[in-house]
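The following exercises are to be worked through with the sequence and the structure in view. Each task is followed by a solution in steps.

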Amino acid sequence: MAKVCSFCGKKATLGLSYHAFRGGGYCCNNCCAGVHVLFKQLSQWSVDEFQDYLAYRNAYEQQFVSIFKPLINYGAMLVDPEHGLFALSDRWSYELLPNPYSQQIFEISAVKSYSITNKVDEEWVEGVFGSTLRSYYTIYINIEMARPRIAYNGFQLIYRAQEHELPSLKLIEQQFASWNPNLLSSDPLDQQRILQERQQQALQQEMEVRTARDYRMFLGIPENEQLTPALLQNYKNRKISALLNTTNDFSAMDRVEAAAGFLMNYYHLS
C-alpha cells in the first residue's frame with residue numbers, strides 16, 4: 001500500500017526518504033522542507049501535533065525572529081530575557097543570529113514542563129605522564145509545550161564537555177521562573193521547595209478566606225454584598241452600638257476593630 005503524505009496527499013516515498021509519525025501517517029520531504037532539525041524526528045509526534053506545530057510556526061515564526069535577542073545561552077538553548085523567548089538550535093554559539101532554519105523559537109510562558117539531564121562518558125586519555133581518566137558530559141533537555149502542543153525528549157544542549165566547561169544553569173532557571181512563575185524548576189530540590197511554598201500559600205489563602213467569611217458574619221455583613229469603605233464603616237459602627245447596648249466587654253470592641261481592619265485590607269478598601 002502506497003505511503004501517502006498526510007499534508008499534501010502526494011506519495012510520501014517520492015524522493016530519497018519519507019517520515020513516519022507516531023500512531024500512523026506520513027510526511028513527504030517537500031512538506032518537511034525548511035522545518036527545524038528538531039522536528040525532523042517525526043516518530044516522536046502524531047500528525048495532529050505536527051500540524052499544530054506548523055500552524056504555530058506559520059503564525060509566529062517571523063514575528064519572533066524579528067525581535068529575538070539571544071543574550072543568554074546554555075549550549076544549544078538561547079534565551080531572550082527582554083521578550084521572554086527561547087530557541088533550541090542545531091548548533092550553538094554566543095554569536096548565533098536568528099535563523100528560522102537553524103533555530104526554533106518558543107515563548108517561555110508556553111512551557112508546561114522541562115527537565116535537564118546529563119549523561120557521563122569516561123575515557124582514558126594518553127598524555128606525557130601517562131593515561132588520565134576523563135569524564136565528559138552530554139546535557140539534554142526534555143520539554144513539553146502548551147503552545148504548540150508538542151513534547152520533545154532528549155534534545156542535545158551540550159555535547160561532551162568537561163565538568164569545568166559546563167555553564168551554570170542559574171540564569172536559565174531565573175529567566176524561566178521570571179516569565180513562567182507556575183513552571184517547576186528542573187532541579188528536584190527546587191521542585192520540592194517550590195511545591196512546599198505553593199502549599200503554604202494555598203493554606204494561607206484558605207485561612208484568609210475563612211477569616212473574611214467569619215468576620216463578615218460577626219459584623220452582620222450579607223455574604224454577597226459588595227463592600228465599600230463607607231459601607232464597612234457603617235457596619236462597624238452598627239456593631240459597636242449594638243455591643244454598647246448589651247455589654248461593657250472591651251475585648252468584643254477590640255474584635256470589631258480587628259474585623260473591620262482585616263476586611264479593609266482583604267478587599268483592598270483603603
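**Exercise 1: Strands 3, 4 and 5**

Strand 3 (residues 72–74) pairs with strand 4 in the antiparallel sense, over 3 bridges. The model is predicted: local features need pLDDT of at least 70, side-chain atom pairs count only at pLDDT 80 or more, and totals for chains, interfaces and linings use all residues. Residues are numbered from 1 along each chain as its sequence is written, and side-chain values use heavy atoms, with hydrogens and water left out.

Task: Determine which residue of strand 4 is the bridge partner of Tyr 74, and which residue of strand 5 is the bridge partner of Asp 80.

Solution.
- Step 1. Strands are DSSP runs (E, at least two residues), numbered from the N terminus, and helices are likewise DSSP runs (H or I, at least four residues). Two strands pair if DSSP finds at least two bridges between them.
- Step 2. The partner of Tyr 74 in strand 4 is Met 77. The hairpin of strand 3 and strand 4 has 2 residues between the strands, and Gly 75 takes a positive phi near 60° there.
- Step 3. Strand 4 also pairs with strand 5 (residues 85–89), antiparallel and over 4 bridges. The partner of Asp 80 in strand 5 is Leu 85.
- Step 4. In the hairpin of strand 4 and strand 5, with 4 residues between the strands, Gly 84 has a positive phi near 70°.

**Exercise 2: The faces of strand 4**

Task: State whether the residues on the two sides of strand 4 (residues 77–80) are buried or exposed.

Solution.
- Step 1. Buried means under 20% relative accessible area, exposed over 50%, and partly exposed in between (1.4 Å probe, protein chains only).
- Step 2. On one side, Met 77 and Val 79 are buried; on the other, Leu 78 and Asp 80 are buried as well. Both faces are thus covered.

**Exercise 3: The sheet 7-8-9**

Task: Identify the edge strands of the open sheet with the order 7-8-9.

Solution.
- Step 1. This open sheet has 3 strands and antiparallel pairing.
- Step 2. Strand 7 (111–127) and strand 9 (151–161) are the edges, each pairing on one side only.
- Step 3. Strand 7 is joined to strand 8 (residues 130–145) by 16 bridges. Within this pair, Tyr 114 stands opposite Ile 143 of strand 8.
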